[in-house]
Amino acid sequence: MENSLSSPNGSEKSPPSKELLTSNTASTLCISSRSESVWTNTSRSKWDIYHKPIIVMSVGAAVFLFGTVITTLSCFEFENKAVYKMCGPAFLSMGLMLLVCGLVWIPIIRKKQKQRQKSQFLQSLKSFFFNR
């Protein structure tokens, strides 16, 4: 009889329990963490911090401009005028929504950065006074 269990259909074998116990939890948690800056004190560049909201704002601005062009085309005589009248405002609203989401995201990131700096400062003060 084998040490490893098989899946219900018998096709896959699970690893022995000894392999699961040997993993180092702290290092695994640090590696699998979404934000490594919590675990490391390395400073990140501005692009690393703000690249997601900048991309969202850029895509939103592009979609908004595309919606503006489509809406403007509905004012002229074309054979598919109804399609332009339907799609134009939809692209306008989606673009505006992405643009506003990106604009709101930046102050949220700044606030988190300030809170993280305060937290690190308070932790250093606490370790200074209590670790004597």
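**Exercise 1. The overall fold**

Which pattern does the chain follow when read along the sequence?

*Solution.* Keep in mind as you work that this is a predicted model. Start at the N terminus and note each element in turn: the pattern is α-α-α-α. Next, tally the elements, which gives four helices and zero strands. Finally, look at burial: of the 132 residues in the chain, 12% are buried.

**Exercise 2. The annotated spans**

Find the residues that UniProt lists as "transmembrane region", and describe the chain over each span.

*Solution.* Begin with the record: an unreviewed UniProt entry lists residues 54-76 and 88-109 under this term. Now take residues 54-76, where the chain is 87% helix and 0% strand. The end C-alpha atoms of that span lie 34 Å apart. Then move on to residues 88-109, which are 100% helix and 0% strand. Here the end C-alpha atoms are 32 Å apart.

**Exercise 3. A contact between distant positions**

How many residues along the chain separate T71 and P89, and what is the distance between their C-alpha atoms?

*Solution.* First place T71, which sits in helix α3. Counting along the chain, T71 and P89 are 18 residues apart. In space, their C-alpha atoms are separated by 6.6 Å. As a last step, classify T71: its relative accessibility is 24%, and partly exposed covers values between 20% and 50%, so T71 counts as partly exposed.

**Exercise 4. The positive patch**

Which residues form the positive surface patch, and which helix gives the largest share?

*Solution.* The members are K46, R110, K114 and K118. Sort them by helix: α4 (residues 81-130) supplies the largest share, three residues. K46, in turn, belongs to helix α3 (residues 46-73). Is K46 buried or exposed? Its relative accessible area is 62%, and the cut-off for exposed is over 50%, so K46 is exposed.

**Exercise 5. The nonpolar patch**

Name the residues of the nonpolar surface patch and give its area.

*Solution.* F121, L122, L125, F128, F129 and F130 make this patch, with an area of about 680 Å². Pick L125 as an example: this residue lies in helix α4. With a relative accessible area of 31%, L125 is partly exposed. Patch members need over 30% relative accessible area, so L125 meets that cut-off.

Conventions:
Residues are numbered from 1 along each chain as its sequence is written. This is a predicted model: local features need pLDDT of at least 70, side-chain atom pairs count only at pLDDT 80 or more; totals for chains, interfaces and linings use all residues. Side-chain values use heavy atoms; hydrogens and water are left out. UniProt positions are given in the numbering used here, feature names are shortened, and annotations may be inferred rather than shown by experiment. Helices (H or I, at least four residues) and strands (E, at least two) are DSSP runs, numbered from the N terminus. Patches are made of residues with over 30% relative accessible area and no salt bridge: like charges are joined within 9 Å, nonpolar side chains (Val, Leu, Ile, Met, Phe, Trp, Tyr) within 5 Å. Accessible areas come from the Shrake-Rupley method with a 1.4 Å probe; for residues, only the protein chains shown count as cover. A salt bridge is a side-chain nitrogen of Lys or Arg within 4 Å of a carboxyl oxygen of Asp or Glu. Lys and Arg count as positive and Asp and Glu as negative; His and the chain ends are not counted. The place of a charge is taken as NZ of Lys, CZ of Arg, CG of Asp or CD of Glu. Buried means under 20% relative accessible area, exposed over 50%, partly exposed in between (1.4 Å probe, protein chains only).
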